[in-house]
Every structure is written in C-alpha cells, then in structure tokens.
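Have the sequence and the 3D view ready, and follow along residue by residue. We will go from the surface to the charged pairs, then to the rings and the cysteines.

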Amino acid sequence: MKKLLKDRTGSASIMFFGFLFLLLLMTFLIIEMGATMENHDYAVSVLQRACNSAVEANIMDEYRADRVLMLDARGADEDFRSFVQNDLPSKYRVVINTVSCTASPPSMTATGTMTFPTIFSQYGFEEITVSFKVKSTNYDLD
Amino acid sequence: MTAKMKLHGYLRSKKGDSAVEFIMTAAMLVLTFAMLISAMIYVTQYYSASYICRRVVRTIETTGEYDEATVLALADDLGSDALDDLSIQIDATYCSGRRIQLRDEFRVMLTAEYRITIMQFGQRPIYVDLPIQIRLSGRSEVYWK
C-alpha cells in the first residue's frame, strides 16, 4: 500500500480526473442554483400578480365613481386563493398562512410557504421550501 | 537496417515518458476545461435571456399593455446585446389598441443565439451558434374600463 502511495506513475492522470471532477461539480452547482432561483422568482411573481389582481378586481366601483377607494375584502381573499391555485403549475405546493385585507386604503398582505422540486431532486435531493410575503395596495382612482 | 534499429530502440526507450504523459494530459485538460467553460457561459446566457423574458412579462403585466418601444428598451437595458439575433414576440388578445384586459393571458417568446467561437484562423472564425428560446406567459393586472 505504502509503495502504491509513493509511486508517482500516472500522477498527471489522477490530477486530470481531480480537475475534471471539480469542474463538473461547479457546472452542476451553477445549473442547480440557477434553476432554483428561476423557479423561486417565477413563483413569487405569480403570487404577487395574484395579489395585485385580487385587489384590482375587488375595488367597489360604486365608491370609485365618487373617487373613494373601497375594497371588498372577502372577495379579494377568495380571488387571491383562487388565482394562486389556478396560476401556479402543479409542481409548486403553496400553503397560505394568512391573508389580511383592509377596505380603505384597499390593501392586501398574504404570507405562507411554497415548496418546489429542484432539477436533481429525482436523484434524491430534497425539495426546497421557502416562505413568502406579498403585499399590494391600490391607489388608482381612474 | 541501422536506422531501423535506432528507431526501434528510440520507440522502446522509457526516457521522458512522464513528460510525454504530462503534455498529453495537459492538452486534454485544457480542451475539457475550455468545453466546460463554454457550456457554463451558455447556461448563464440562457438564464440571462430567461431573466430578460421574465422582466418583459412583468412589465406587460403591471402596465396592462404591450408597448414595443418600452419592451425593446428594457431588453436593451438588461444587456441583450450579448445575444445575437434577439427577438421578442408577444401573442395576446387585446381589448383596445395594445391593451390587455385584467386576468387575460398573453404569451411572450424570446429567441436568440449565442455564438461560441471554437477557433480563429485569420479573419475567418470557426463557430457554433447555439439557440436560446424562452416561452413564458403572463396575465394582465390592470382593469380597463
């Protein structure tokens, strides 16, 4: 064993495979991290869109005609949950913890967690769970 | 006959075998390294194109309308000049002009090419054009009365 460890024959080949392993590891990390960030950003933008749309869709027009902004809080809450369920692809699992709305000014804040798989999760890597918080306030009188 | 024997002896000589092994391994290592670096650059360019596409989608979502000049200016600001032949196509149903009604879906397709130069002999490089195609969809957040 000692003789084998001291033998310098083929040391360049071993160094070559060592470098190759490091480079492949870096490539793997770049692909995995890039895809994870992309998935996370996509989910956050869909959640933010759902929040904005829920507020925009539930401004009560009878008040807006008098230049007063009032939100139908219950409708906004229901719409937000419905938009999130319809818009996010099935690979995402979203748990909405709280949805709080204020009628005037029309505002909504939602918190929760989302879980999604990574590219290499099929090889035993765990799914990623991150918390989210989205907020929307509407001041549009037109 | 003597020359043949000399060549035979030269080929069987073990002197300098480590140097030859090192040169061959180093050449392979450099080649593999260059290929992996090119692959990593392509992957990062793909993510960059994907980011540009997502920003375009968010801009249309928040404004509720498609303005070609704004979209091209945004892509330009985000460094689209690193990509060749970049084009952005929008597929949407407009309620009036270029306006998209609240919750109506639209699709954005970004196509581009990323050129990897393999070798350059004088003025004529040998290159490979790798395609990049991103398809995303969004929904308008603006209610048009």
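## A nonpolar patch on the surface

Eight names open this tour: Met15(A), Phe19(A), Phe21(A), Leu22(A), Leu25(A), Leu29(A), Phe22(B) and Ile23(B) form a nonpolar patch on the surface, and together they have about 810 Å² of accessible area. Please keep in mind that this is a predicted model.

Which helices supply at least two residues each of the nonpolar patch? They are helix 2 (11-57) of chain A and helix 2 (17-63) of chain B. Helix 2 of chain A gives the most, with 6 residues. Phe21(A) is found in that helix, helix 2 of chain A. Is Phe21(A) buried or exposed? Its relative accessible area is 57%, and the cut-off for exposed is over 50%, so Phe21(A) counts as exposed.

## Salt bridges

Now for the charges. Side chains of opposite charge can pair when their charged atoms come close. Over all chains, the structure holds 10 salt bridges. Here are three of them to find in the view.

| Salt bridge | N to O distance |
|---|---|
| Arg49(A) and Glu61(B) | 2.5 Å |
| Arg81(A) and Asp77(A) | 2.7 Å |
| Asp129(B) and Arg115(B) | 2.9 Å |

Start with the salt bridge between Arg49(A) and Glu61(B). Because Arg49(A) lies in helix 2 of chain A and Glu61(B) in helix 2 of chain B, this pair joins two chains. Arg49(A) is buried, with a relative accessible area of 6%. Glu61(B) is buried as well, at 2%. Both residues also belong to a network of salt bridges that links Arg49(A), Asp87(A), Arg58(B), Glu61(B), Arg103(B), Arg139(B) and Glu141(B).

Next, look at Arg81(A) and Asp77(A), which form a salt bridge. How far apart are Arg81(A) and Asp77(A) in helix 4 of chain A? They are 4 residues apart, so about one helical turn separates them. Arg81(A) is partly exposed, with a relative accessible area of 37%. Asp77(A) has 18% relative accessibility; the cut-off for buried is under 20%, so Asp77(A) counts as buried.

The third pair is Asp129(B) and Arg115(B), whose side chains meet in a salt bridge. This pair links distant parts of the chain: Asp129(B) is in strand 3 (residues 124-139) of chain B and Arg115(B) in strand 2 (residues 105-121) of chain B, 14 residues apart. Asp129(B) counts as partly exposed at 30% relative accessibility, and Arg115(B) counts as partly exposed at 38%.

## Charges over rings

Arg115(B) has another contact to look for: it lies over the face of Tyr127(B), at 3.7 Å from the ring centre. What does the charged end of Arg103(B) sit over? The answer is the ring of Phe83(A), at 3.7 Å from its centre. Arg103(B) also appears in the network of salt bridges described above.

## Rings that pair

There are 4 aromatic pairs over all chains. One of them is formed by Tyr92(A) and Phe116(A); this pair is tilted, with 5.7 Å centre to centre and 55° between the planes. The two rings link distant parts of the chain. Tyr92(A) is in the loop between helix 4 (73-87) and strand 1 (93-102) of chain A, while Phe116(A) is in strand 2 (residues 107-116) of chain A, 24 residues apart. Both Tyr92(A) and Phe116(A) are buried. Ring pairs also bring in Tyr42(A), giving a cluster of Tyr42(A), Tyr92(A) and Phe116(A).

Arg93(A) is found in strand 1 of chain A and is partly exposed, with a relative accessible area of 46%. Arg93(A) and Thr115(A) are 22 residues apart in sequence, and their C-alpha atoms are 5.1 Å apart in space.

## Two cysteines

How many disulfides does a search of the whole structure find? It finds 0 over all chains. Cys51(A) is in no disulfide, and the nearest cysteine sulfur, that of Cys101(A), is 7.9 Å away. The cut-off for a disulfide is sulfur atoms within 2.5 Å, so the 7.9 Å between Cys51(A) and Cys101(A) does not qualify. Cys51(A) counts as buried at 0% relative accessibility, whereas Cys101(A) counts as partly exposed at 24%.

Conventions. Residues are numbered from 1 along each chain as its sequence is written. Chains are lettered from A and ligands numbered from 1 in the order in which they are written. This is a predicted model: local features need pLDDT of at least 70, side-chain atom pairs count only at pLDDT 80 or more; totals for chains, interfaces and linings use all residues. Side-chain values use heavy atoms; hydrogens and water are left out. Rings of Phe, Tyr and Trp (its six-membered ring) pair if their centres lie within 6.5 Å; planes under 30 degrees apart count as stacked, over 60 as edge-to-face and the rest as tilted. Buried means under 20% relative accessible area, exposed over 50%, partly exposed in between (1.4 Å probe, protein chains only). A charge sits over a ring if NZ of Lys or CZ of Arg is within 6 Å of the ring centre and within 35 degrees of the ring normal. Patches are made of residues with over 30% relative accessible area and no salt bridge: like charges are joined within 9 Å, nonpolar side chains (Val, Leu, Ile, Met, Phe, Trp, Tyr) within 5 Å. Accessible areas come from the Shrake-Rupley method with a 1.4 Å probe; for residues, only the protein chains shown count as cover. A salt bridge is a side-chain nitrogen of Lys or Arg within 4 Å of a carboxyl oxygen of Asp or Glu.
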